[in-house]
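I opened this model to look at its helices, its cysteines and its aromatic rings. My notes follow in the order I took them.

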Amino acid sequence: MGDDHSTARPLRADARRNRERVLQIAQEALASDGLTISFDEIARRAGFGVGTVYRHFPTREALFEAVLLGRMERFVADARALATAEDPGRAFFGWFRTVVEQASANQALCEMLEGGTGPAFRRGTTLEADFAAALGRLLQRAQRAGAVRGDLRTEDVQDLLRGCLTAERRARARGGKVSMAEVVCDGMRSHPR
């Protein structure tokens, strides 16, 4: 996805350093400003002309994918790794809290997860489907173990995740001390009647 330098000849050392600098600045800018950050602003913060950014990343989508795709893929990989955990409830709730904690500190990740949009996470993409499938496996195992309410579907948990991201960011902005992820996790727990 994104820019494909795998078939191109290796970059010179200075070009490689420039590309790494652009990626670092773009990662910081996306975390603080979200998906609306411009190429011009990323170039300015990196100390380059906008042509340097375009040379390495011909489109905004290519740059954003290079920065964000790996983070989203790690969420999926973590969920897949936890799918065989000994304690399915702990695995499910731990993964949920981790995603909320990491994504709520990154504006662009929040936008991708909240809206299902963004360069690497559009509805119908493989990554979006992989995310839902990995979450679904964790959810089903936790439900079979009796740790999570049986009436929740994967789509419900995705909606709760999105809502939790919004609530977490709003709570942080006002200096709130309550972990919204814990509140949501408590609501998803299976409670004996």
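These entries cover two helices, then the cysteines, then a group of rings.

**Entry 1: helix α4.** I am working from a predicted model. I began with α4, which runs over residues 60-82. Does its length fit its residue count? I wanted to know what span the 23 residues should give. At 1.5 Å a residue the expected value is 33 Å, and the end C-alpha atoms are 33 Å apart, so the two agree. I then looked for a bend, and found one of about 35° at Leu68. Leu68 is also among the buried residues of α4.

**Entry 2: the buried side of α4.** I listed which residues of α4 are buried. Ala62, Leu63, Phe64 and Glu65 are on the list. Val67, Leu68 and Leu69 follow, then Arg71 and Met72. Phe75, Val76 and Ala79 complete it. I noted that Glu65 and Arg71 are in this buried set. For reading such a list, I kept in mind that an α-helix has 3.6 residues a turn, so residues three or four places apart point the same way.

**Entry 3: helix α2.** Next I took α2, residues 39-46. Which of its residues are buried? They are Phe39, Glu41, Ile42, Ala43 and Ala46. I asked what these residues pack against. The partners are α1 (13-33), α3 (50-56) and α4. Just after α2 I checked the backbone at Gly47, where phi is positive, at about 85°.

**Entry 4: cysteines.** I searched for disulfides and the count is 0. Cys164 is in none; its nearest cysteine sulfur belongs to Cys185, 7.1 Å away. A disulfide needs the sulfurs within 2.5 Å, so this pair does not qualify. Cys185 is likewise in no disulfide, with the sulfur of Cys164 as its nearest. Buried or exposed? I checked Cys164 first: it is buried, at 1% relative accessible area. Cys185 is buried too, at 0%.

**Entry 5: rings.** I counted aromatic pairs and got 4. One of them joins Phe92 and Phe93. Their centres are 5.1 Å apart and the planes meet at 75°, which makes the pair edge-to-face. Phe92 is buried, at 0% relative accessibility. Phe93 is buried as well, at 3%. Ring pairs also bring in Phe96, giving a cluster of Phe92, Phe93 and Phe96.

**Entry 6: a charge at the ring.** Last, I looked at what sits over the ring of Phe93. It is the charged end of Arg189, 4.1 Å from the ring centre. Phe93 thus appears in my notes with a ring partner, Phe92, and with Arg189.

Note on methods: Residues are numbered from 1 along each chain as its sequence is written. This is a predicted model: local features need pLDDT of at least 70, side-chain atom pairs count only at pLDDT 80 or more; totals for chains, interfaces and linings use all residues. Side-chain values use heavy atoms; hydrogens and water are left out. Helices (H or I, at least four residues) and strands (E, at least two) are DSSP runs, numbered from the N terminus. The expected span of a helix is 1.5 Å times one less than its number of residues. The bend at a residue is the angle between axes fitted to the seven residues ending there and the seven starting there. Buried means under 20% relative accessible area, exposed over 50%, partly exposed in between (1.4 Å probe, protein chains only). Contact means heavy atoms within 4.5 Å. Rings of Phe, Tyr and Trp (its six-membered ring) pair if their centres lie within 6.5 Å; planes under 30 degrees apart count as stacked, over 60 as edge-to-face and the rest as tilted. A charge sits over a ring if NZ of Lys or CZ of Arg is within 6 Å of the ring centre and within 35 degrees of the ring normal.
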